[in-house]
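Reader: I should like to learn how to read a structural model, one feature at a time. May we begin with the model below?

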Amino acid sequence: MAKKDDYWKDDVLFCVRELCAEHGSRTFTMAQLFAFCGNKLRKMHPGNNTPRDKIRQKLQLLRKEKKLSFVNNRGTYTYREQLLLPGEVDDEKIGEVFKSRPERREYVMETFARDRGWVREAKNAFGHQCMVSNCGLTFRTASNKPYIEVHHIIPLFEGGEDGVWNLSVLCAHHHRMAHFAIPKVRGELGKFLAAENKKILRKKGRANA
Ligand SMILES: [Zn+2]
Ligand SMILES: [Zn+2]
């Protein structure tokens with residue numbers, strides 16, 4: 001019995017990895033996961049009539065093992081293990097100095113992630129101007145596109161998610177500040193971005209309604 005259950009857990013984890021790689025995001029909902037692999041898991045485990053319950057139960061277990069986290073009761077999970085998604089930089093390239101410092105790794109990962117789903121989502125929601133008031137440091141690249149970086153307000157390594165509610169757009173200067181300034185400045189900038197994020201999303205919600 002226990003053995004069968006172990007297979008379930010491995011199979012669910014495998015599907016989580018596939019889903020993340022396909023969506024280019026570490027954050028997903030139970031509904032997305034079920035839509036993505038419910039049929040496949042049903043075929044792999046023909047004796048089970050309630051795959052949805054089983055998946056939910058295995059997701060719980062994976063949370064306990066810290067392979068997944070469940071944040072803010074939004075019904076979304078974030079995949080925590082090392083996994084290279086399209087557009088992410090691998091540790092080899094980042095170098096030894098970054099390995100022991102998750103905030104640096106996250107900064108580098110965000111800065112080079114151009115073709116990821118959550119990057120597009122953030123740019124759609126917040127545009128291409130640095131969210132810091134009156135900043136104006138956004139510049140145009142050689143291909144005449146505005147250059148902007150997408151930043152996680154609560155870092156992934158501290159339980160943040162790839163969802164638009166946790167994202168912001170910053171110029172290169174303010175992005176570095178958000179990661180590497182003294183704690184007081186980082187804290188103030190984080191609070192400012194969280195408020196700005198809410199304000200913009202609320203406005204958008206109203207505009208759409
Ligand atoms: Zn960042
Ligand atoms: Zn800026």
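Reader: Is Glu110 buried or exposed?

Author: Please note first that this is a predicted model. A residue counts as buried when its relative accessible area is under 20%. Glu110 has a relative accessible area of 2%, so Glu110 is buried.

Reader: Which residues coordinate the zinc ion (ligand 1)?

Author: One looks for the donor atoms around the metal. Here they belong to Glu110 (OE), His151 (ND1), His175 (NE2) and His179 (NE2), at 1.8 to 2.0 Å. Along the sequence these donor residues have the spacing E-x40-H-x23-H-x3-H. Glu110 in helix 6 and His151 in strand 6 are 41 residues apart, and this pair links distant parts of the chain. His151, too, is buried, because its relative accessibility is 5%.

Reader: What is the geometry of the site of the zinc ion (ligand 1)?

Author: The angles among the donor atoms decide this. Four donors count as tetrahedral if all angles lie between 85 and 135 degrees. At the zinc ion (ligand 1) the angles among the four donor atoms run from 94 to 140°, and the site is irregular.

Reader: Which residues are the protein donors of the zinc ion (ligand 2), and what is the geometry of its site?

Author: The same reading applies. The donors are Cys130 (SG), Cys135 (SG), Cys171 (SG) and His174 (ND1), lying 2.0 to 2.3 Å from the ion. With angles of 103 to 116° among the four, this site is tetrahedral. The donors follow the spacing C-x4-C-x35-C-x2-H. Cys130 lies in the loop between helix 7 and strand 4, whereas His174 is in helix 8, so the pair ties together parts that are 44 residues apart in sequence. Cys130 is buried, with a relative accessibility of 8%, and His174 is buried at 11%.

Reader: Which residues of helix 2 are buried?

Author: A general idea helps here: an α-helix has 3.6 residues a turn, so residues three or four places apart point the same way. In helix 2 the buried residues are Met30, Leu33, Phe34, Cys37, Gly38 and Leu41. Helix 2, which covers residues 30-44, also bends by about 55° at Cys37.

Reader: Where is Asp11, and which side chain of opposite charge is nearest to it?

Author: For a buried charged residue, one looks for a partner. Asp11 is in helix 1. Asp11 is buried yet has no salt bridge, and the nearest side chain of opposite charge, Lys40, is 9.1 Å away. Apart from neighbours within four places in sequence, Asp11 is in contact with Leu41, Met44 and His45.

Conventions
Residues numbered from 1 in each chain as written. Chains lettered and ligands numbered in written order. Predicted model: local features only at pLDDT ≥ 70, side-chain atom pairs only at ≥ 80, totals over all residues. Heavy atoms only, no water. Bend = angle between axes of the 7 residues up to and from the residue. Helix = DSSP H or I, 4+ residues; strand = E, 2+ residues; numbered from the N terminus. Buried < 20%, exposed > 50% of the residue type's maximum accessible area, 1.4 Å probe, protein only. Donors = N, O, S within 2.8 Å, 3.2 Å for Na, K, Ca; no water. Tetrahedral: all angles 85-135°; square planar, octahedral: opposite > 155°, others 65-115°. Lys, Arg positive; Asp, Glu negative; His and termini not counted. Salt bridge = Lys/Arg side-chain N within 4 Å of Asp/Glu carboxyl O. Contact = heavy atoms within 4.5 Å.
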